[in-house]
Amino acid sequence: MNKTAIIIDTDPGQDDAVAILTALGSSRLEVVGISVVAGNVPLELTAKNVRIICEWAGRPEVPVHAGCERPLLRPLVTAEHVHGKTGLDGVPLHEPAMPLQQEHAVDFIIRTLRERERGTVTLCMLGPLTNLAMAIVRAPDIVGRIREIVLMGGAYFEGGNITPSAEFNIYVDPHAAATVLACGAAAITMLPLDVTHKATASLARIGLLRALPNRAGNLAADIMTTLERFDVQRYGADGAPLHDPTVIAYVLQPELFSGRKVYVAVEQNSELTLGATPVDWWGITGKPANVNYLTTVDSDGFFRLLADNLSTLP
Ligand code: BDR
Ligand code: CA
């Protein structure tokens, strides 16, 4: 079976960790490399956390490339209030032995898309979109070579999670997000809060992962239990939303999700609504759709998929 080649761009982040483990556990994905960005915590920590996660998965050979230290135009905003000081609070962390690659993440993205056959590499974007925007600006020829950009970000029907109108990944670097959404790539799929707030880690679903007879299942369960403490207090839902793993799940099993092809832009100027992603759900602007905007998920199917893939890891 042909594997789908993916680059994961990420800022771990507890939910990033579960997403990366799920991808590394899948026999249907080739993780070509991981590019790291500043987001939930500063770059030094996100770059360390990615290597810890690869070592948890027994995959120290995966190339990890550090990328941009701050957003294109704005100072970095972080989310320690959700993910803790380390970015991965709630599980024991070790000093990773595997090295970071010398090559910058932006160069890695450009080189990979140029070297690989056109239309074969999917970009799984789990954090602020700074690295990809930089790559597009430096090398616009890569856009036509991308198979699909699948990104966790944005919010419309659900409201924001870092301001009343903006979702964290888009808010942190709205200029990068605007660059990516307007880049003209043939396929961009967005997993906004409108869908991730339906992918909730209830106690029963966490139990499914904890019952796995390996370390990865337990790590994922512990991470979700920690997330739970913050998110359930705030959202009062049946469990915390599990954002970033929906990106990997969509790549593996798109039929778990549904949505609509629509025009989406990013607010870059207003102080009040910076980073908002107004969705032209009813085609009011007449502008051509630039995004496949997902709004529903089969959440039990999603958790089964996570459990299946995590079960193959150490
Ligand atoms: C997104 O923000 C981060 O805190 C999470 O890792 C996720 O990528 C959710 O808004
Ligand atoms: Ca993230």
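1. In this predicted model, the side chain of Asn-40 places an N or O atom 2.6 Å from an oxygen atom of ligand 1. Two other residues also come up to ligand 1 with polar atoms. Asp-244 has a polar side-chain atom 2.7 Å from an oxygen atom of the ligand. Leu-126 takes part through its backbone, where an N or O atom lies 3.0 Å from an oxygen atom of ligand 1.

2. The surroundings of ligand 1 include Asn-40, Leu-126 and Asp-244. Asp-15, Asp-16, His-83, Met-152, Asn-161, Glu-167, Phe-168, Asn-169 and His-243 are also among the residues around ligand 1.

3. Helix H11 covers residues 245-252 and helix H12 covers residues 299-310. Their axes come within 10 Å and cross at roughly 90 degrees, so H11 is roughly perpendicular to H12. On the H11 side the contact is made by Pro-245, Thr-246, Ala-249 and Leu-252, and on the H12 side by Phe-302, Leu-305, Leu-306 and Asn-309. Sorted by class, the contact holds six nonpolar and two polar residues, with no charged ones.

4. A second helix pair is H5 (residues 130-138) and H7 (residues 174-181), whose axes come within 8 Å and cross at roughly 55 degrees. The two helices are therefore oblique to each other, and their crossing is left-handed. H5 contributes Thr-130, Leu-132, Ala-133, Ile-136 and Val-137 to the contact, while H7 contributes Ala-176, Thr-179 and Val-180. By class, the contact of H5 with H7 has six nonpolar residues, two polar residues and no charged residues.

Conventions
Residues numbered from 1 in each chain as written. Chains lettered and ligands numbered in written order. Predicted model: local features only at pLDDT ≥ 70, side-chain atom pairs only at ≥ 80, totals over all residues. Heavy atoms only, no water. Axes fitted to C-alpha atoms, helices over the stretch in contact; angles between N-to-C directions. Helix = DSSP H or I, 4+ residues; strand = E, 2+ residues; numbered from the N terminus. Parallel < 35°, antiparallel > 145°, perpendicular 65-115°, else oblique. Contact = heavy atoms within 4.5 Å. Nonpolar A, V, L, I, M, F, W, Y, C, P; charged D, E, K, R; others polar. Left-handed = near helix turned anticlockwise from the far one by under 90°. Near = heavy atom within 4 Å. Polar contact = N/O pair within 3.5 Å; in protein donor to acceptor, adjacent residues only side chain to side chain.
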